[in-house]
Structure formats: C-alpha cells, structure tokens
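Reader: I am new to this structure and would like to understand the words used to describe it. Could we go through them one at a time, with the reasoning behind each?

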Amino acid sequence: MVIQEQQGTAGDAGLARKTTVQPVVSNRLDGLFGGLSARMRVVAAQSPVTLAMALVIVATAVFSPETFSNSLFVAALVFHLAIAAFCVTMPWGRVPATAFAVIPLMDCIAIGLTRQAGGPTFSVLSVMLVFPVIWLSAQVRPYMPALAIGGTVLSIVAPAALQGAPPAGGSMIRTLILPLVMSVIAVTAHVVATTIRRQRITLVENEHEMARTLGESVRRQNLLDAVLKAVGVGVWVVDRRGNTVLTNRAMRADPVLASVIGSQGGSSPAGGPGLLMAADRSTPVTAGRLPAARAAAGEAFTDELYWAGPAGRQRAYSVSSQSFPPAGGQEGGAVITFVDVTSLISALAAKDNFVATVSHELRTPLTSILGYLELVLDEPGHEEIQEELLVVRRNAEHLLSLVNDLIAVASERVDLSLEETDLARLLAVEINAALPAAASNGLQLALDAGQPLPGMMDPKRISQVIQSLLSNAIKYSPDGGLVTVRAYRNGQGLVCTITDTGLGMTEEEQEQAFTKFFRSARSRETAIPGAGLGLIVSKTIVEGHGGSISLDSEPGVGTSVTFILPPS
C-alpha cells in the first residue's frame with residue numbers, strides 16, 4: 001500500500017489536493033501514484049483484493065469446480081465483481097473525502113460471504129481481510145481503525161444474517177478471535193502509517209531546509225566571488241597555520257603579489273622571507289613579521305606599509321589583516337588585503353620635494369629681507385615709519401618661521417644643538433610670553449613645575465614646541481577656561497603635559513592630528529587661524545630628541561598633549 005499525505009492514502013477517493021511531500025526513499029512510488037486520478041487511486045487500492053479473488057476463482061476452477069454449483073458462492077463472486085466495477089465507474093473526485101471507506105467495508109462483507117459459501121475449504125479466505133483492514137487503518141483520520149474492526153465483525157455477522165441462521169460454535173470463536181487479531185493489525189497499521197507519514201514530513205522539511213540553506217550558501221558564494229573579482233584590492237585568506245585558503249584575481253594577476261604568495265600552491269605557507277621589505281625599502285621582513293605569519297598568530301593590523309619587487313621597480317603596498325573565528329565546523333583564519341599605494345607614495349614624495357624646494361627658495365629672499373630691515377631700523381631718519389617697519393619685520397619673521405617648519409616637515413628631521421637646559425625655566429618663559437594672548441581669550445594659565453628639571457635638549461627647539469602647544473591650547477579655547485602646564489621627571493625622562501578646556505577633537509580627528517596640514521572641522525568653521533603644521537613640527541622635534549609625543553582629547557571637554565624627553 002502506498003501512503004500519501006492527502007487526507008488519506010493512495011486510495012483515498014475524496015482527496016482534491018496532491019501533497020508536495022516526497023520522501024527520499026519512495027520518490028518513485030509517489031511519482032507513480034501521485035499522478036493518478038482519484039478514480040485510479042481507488043482502483044489501485046482495491047486491486048490487491050480483486051487480484052486475490054481472481055486467483056481464488058482460478059484455484060476453485062482447477063481444484064474444486066463443483067463449488068461453482070453453490071448459488072451463494074457465485075453470488076459472492078458477483079458481489080466482488082460489482083465492487084470492482086463500482087470502483088471504476090464511481091466519480092470519486094465529486095464525493096466527500098471519506099466516501100471511499102464504503103469500498104473496504106463491502107470488501108469485508110464480500111470476503112465473509114465467499115468464505116461462508118465455500119465452506120471449511122475456503123476458511124483461509126479470512127486472511128484476505130488484511131487488505132481492507134490495512135486500507136482503512138492507514139488513513140489520517142483516527143476513527144478509520146474502528147471502521148476496519150467493524151468491517152471484520154461484518155465479515156462474520158453479515159453472512160450468517162443473510163443465511164438466516166445464528167453463528168455456530170466455531171463461528172462464535174471466529175467472531176471473537178478474528179476481530180481481535182484484525183484490531184491488532186489495524187492499530188499497528190495505523191501507528192506505523194502515522195509514524196512513516198510524520199517521518200516523511202520531517203524528511204521533506206529537512207530537505208527543503210537543506211535546499212534553502214544550500215541555495216543561500218550558493219547565493220552568498222556567488223556574491224562573494226563577484227565581489228572578489230570586481231574589487232581592485234588584493235585579497236588573501238589564510239588559515240591558522242598561515243596556509244593559503246583563497247586568493248582573488250587581483251592578488252593573482254599582480255606578479256609582485258603572486259611572488260609573495262609563493263609558487264608551491266595553496267597548501268604551503270605563503271610568502272617566504274626576503275620577498276617583502278620594510279617601510280625603509282631595504283630591510284627584509286623576517287619570517288615572523290610576514291603578513292601571513294602575523295595573521296596566523298591572530299594579530300590584527302591596519303595600513304602597514306610593505307615594499308615588494310626587484311630593486312629599482314619596487315611597489316608599495318598598504319597591508320591590513322583581520323582574523324575570523326572558527327564556525328560551522330570550519331577552522332578560523334584571517335583575511336589579508338594588499339592595496340597598491342605606489343602612486344600615492346610617489347605623489348607624496350613629489351609633494352614633499354616640491355614643498356622643500358619652494359621653501360628653500362623662499363628662505364633665501366626672506367633672510368635677505370630681514371637683514372635689510374635690520375639695517376634700515378638701525379639707521380636714523382626712519383622714525384616716522386618705524387612702526388610700519390616693525391610690522392613688516394614681524395610678518396617676515398612669521399613667514400620665515402613657516403618656511404622653516406615646511407622644510408622640517410618635508411625633510412622629517414631638524415638640526416639640533418643639545419645643551420644642558422632647565423625645562424621648568426623654558427616653560428616659565430613661554431607661559432609668561434603667552435599671558436597676553438591668553439588674557440584676550442579669557443584664559444588662565446597655570447604652571448605646575450616647582451623644581452628645576454635639567455636635561456639635554458635644544459632650548460630653541462623645545463621652546464618652539466612649548467610655544468606651539470600653548471598657542472594651540474589658547475586658540476582652541478575661545479570661550480575662556482584654564483590651560484594647565486605640568487612638568488615632572490619619572491623613569492622615562494622629562495614629561496610635560498599641556499591641558500586645555502577648549503573645543504576638543506573627535507577620535508577620527510585625533511587619528512589625523514599629527515598629519516601634515518591637518519585642521520579639525522571645528523577650527524575651519526570658527527575660522528581659527530593656523531597652517532596645520534604645529535603638531536607635526538613638534539612631533540619631528542621631540543622625536544629628533546629621541547622622545548615621544550601623544551594626544552588625548554574629547555569634544556567639548558578639552559585636549560591634553562604630552563611630550564616626553566629621554567633622560568640625559
């Protein structure tokens with residue numbers, strides 16, 4: 001018997017819809033019976049009884065032809081034939097869903113009549129009751145097994161009633177035993193059919209879910225492939241051991257990057273020592289500092305500068321790495337990106353060369369202008385325009401200071417003349433010089449450096465750093481407040497912190513604060529003067545001393561800049 005989820009079985013004549021449940025094991029049977037009409041499904045379900053009776057007729061004709069002389073036996077056979085004809089002629093698609101149940105019930109009566117008319121020789125026909133019993137019991141509706149048991153009782157009671165005689169002793173035993181046996185078969189068939197049906201539904205749901213998941217995976221994979229092909233950035237995926245898992249076309253098409261990956265295939269650690277150079281373009285990157293090795297170790301980094309390629313034709317790459325954890329039974333790894341920034345590096349170098357050249361060209365005439373101004377101011381007879389000359393000298397000196405800053409930034413170094421100097425005294429001098437500018441902004445200046453802080457430094461350059469940081473603190477505190485200068489000595493050396501309560505900066509602005517010509521959005525909006533060179537020049541000077549400088553800020557709260565000079 002073929003079971004389908006259609007309000008019944010393949011023989012359920014009242015089903016109007018065809019299920020989409022197609023278990024893996026019975027796909028072919030479902031495909032065969034699912035395509036039948038309601039009438040043909042009933043005929044197919046009735047066919048075991050019809051075929052069995054055909055065999056009974058043949059066996060009777062061969063071994064007991066005299067039985068056909070029994071009119072009741074012949075009537076029973078005609079009843080079977082009528083049931084088969086009824087299955088073929090009845091428009092099952094137009095009747096209620098449970099109307100098919102009349103067929104197995106009539107089968108039970110017909111089997112009982114045949115067995116009764118045939119006498120003891122045909123008592124074995126009781127076995128044929130299994131067919132209608134299973135047909136009814138395998139249905140979805142829970143009352144169908146009760147109908148199957150009732151049909152078994154009818155197969156015994158109905159023939160006796162038609163003959164007008166009460167069941168004999170043997171018939172009474174059969175009346176009790178046969179329904180009990182068939183009830184066990186009916187309940188078992190119903191439970192098994194229900195279990196199989198549920199398992200099939202679960203299997204199909206799982207298949208659908210797997211198909212949906214697979215489709216989504218394929219869609220994501222296609223999307224990832226499209227992105228990897230379209231993006232112009234080299235993408236390199238490695239596992240926890242640094243072995244190549246995936247590379248995109250941009251990575252493989254670049255001969256320099258292809259040599260970095262290596263020529264041994266995707267199962268070998270990629271990029272051997274010596275293939276990559278550090279930012280200075282001459283120091284080979286050691287094995288432990290290769291991008292794949294760092295990524296395999298779980299290190300995340302952003303915009304690390306590497307050089308690769310033969311001397312004279314080296315390419316610059318900005319390399320970043322981000323790890324990903326294990327998931328779905330797959331081990332974790334990291335995604336490394338390579339961005340070719342050779343053109344950008346060349347453009348920046350060209351810009352710096354241009355700035356340095358122009359600055360050098362400007363410094364010579366500016367120095368000459370200042371020299372002649374000094375001569376004019378020293379000679380008598382210019383008292384009437386002395387104030388104007390002083391303004392010219394002040395602006396020329398400011399312009400020369402900017403030119404010197406540009407030269408320092410472009411060369412990334414400054415000339416230093418180190419000598420024993422008291423940092424506390426330098427701070428006191430610069431704070432005293434900044435008092436008028438602070439007063440004009442309603443600011444108070446406070447110095448916390450109560451003891452001499454001697455150290456080896458270039459006093460003019462460190463004064464320039466202090467002056468620049470104080471100027472920024474005053475400029476970016478337009479609404480008044482307090483600027484605190486604190487200096488002390490610790491294990492790292494001389495530490496100086498200048499803190500204001502001004503505008504402050506966002507995290508993004510802090511990341512760019514030591515970039516050439518950078519100015520925050522608020523400073524541009526409020527038209528605060530400046531060239532964006534103070535911090536980068538201060539950084540160059542402090543690092544030229546072997547020290548360090550850092551910045552901490554919060555919008556609306558203020559900014560704190562700290563520089564550290566190493567011990568003498």
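Author: Let us begin with strand β13, residues 558-565, in what is a predicted model: this strand is mostly covered, since eight of its eight residues are buried.

Reader: What makes both faces of β13 count as covered?

Author: In a regular strand the side chains alternate between the two faces of the sheet. On one side of β13 stand G558, S560, T562 and I564, on the other T559, V561, F563 and L565, and all of these are buried. Buried means under 20% relative accessible area, so that is the limit these residues meet.

Reader: How do you know that β11 and β12 are paired with β13?

Author: Two strands pair if at least two bridges are found between them, so the bridges have to be set against that number. Strand β11, residues 493-499, is joined to β13 by six bridges and runs antiparallel to it, with C496 opposite F563. Strand β12, residues 548-554, is paired with β13 over seven bridges, again in the antiparallel sense, and here E554 stands opposite G558. Both counts satisfy the rule, and therefore both are called pairs. In addition, β12 and β13 form a hairpin with three residues between them, and G556 in the turn has a positive phi of about 80 degrees.

Reader: Which strands are the edge strands of the open sheet of six strands, and what makes them so?

Author: The order in that sheet is β2-β1-β6-β5-β4-β3, with antiparallel pairing. The edge strands are β2 (244-247) and β3 (276-277), each of which pairs on one side only. Within the sheet, β1 (residues 234-239) and β6 (residues 333-340) are paired antiparallel over six bridges, and D239 has G333 in β6 as its bridge partner.

Reader: Why is the ring pair of W236 and F338 called tilted?

Author: The wider count comes to six aromatic pairs, and it helps to take another of them beforehand. The rings of F68 and F73 have centres 6.1 Å apart, within the 6.5 Å limit, and planes at 70 degrees, which is over 60, so this pair is edge-to-face. For W236 and F338 the centres are 6.0 Å apart, which again is within 6.5 Å, but the planes are at 35 degrees, neither under 30 nor over 60, and the pair is therefore tilted. Because W236 lies in strand β1 and F338 in strand β6, the pair ties together parts that are 102 residues apart in sequence.

Reader: Are W236 and F338 buried or exposed, and how do you know?

Author: W236 has 1% relative accessibility and F338 has 2%; buried means under 20%, so each of the two counts as buried.

Reader: What sets F68 apart from F73 in how far each is covered?

Author: F73, with a relative accessible area of 0%, is buried because that value is under 20%. F68 has 30%, which lies between 20% and 50%, and F68 is therefore partly exposed. Ring pairs link F68, F73 and F122 into a cluster.

Reader: Why is Y372 called exposed?

Author: The relative accessible area of Y372 is 56%, and exposed means over 50%, so the word applies. Y372 is placed in helix α11, residues 342-378.

Reader: How do you know that the charged end of R281 sits over the ring of W307?

Author: The distance to the ring centre is 3.7 Å, and the rule asks for a charge within 6 Å of the centre and within 35 degrees of the ring normal. The charged end of R294 likewise sits over the ring of F301, 4.0 Å from its centre.

Reader: What makes the length of helix α13 close to the expected one, and where is its kink?

Author: Helix α13 (residues 423-440) has 18 residues and reaches 26 Å from its first C-alpha to its last, close to the 26 Å expected at 1.5 Å a residue. A kink of about 45 degrees nevertheless lies at A434, shortly before the proline P436. A434 is also one of the buried residues of α13, which include L423, L426 and I431, and what covers them includes β7 (419-422), α14 (459-475) and β11.

Terms used:
Residues numbered from 1 in each chain as written. Heavy atoms only, no water. Helix = DSSP H or I, 4+ residues; strand = E, 2+ residues; numbered from the N terminus. Buried < 20%, exposed > 50% of the residue type's maximum accessible area, 1.4 Å probe, protein only. Expected span 1.5 Å × (residues − 1). Bend = angle between axes of the 7 residues up to and from the residue. Contact = heavy atoms within 4.5 Å.
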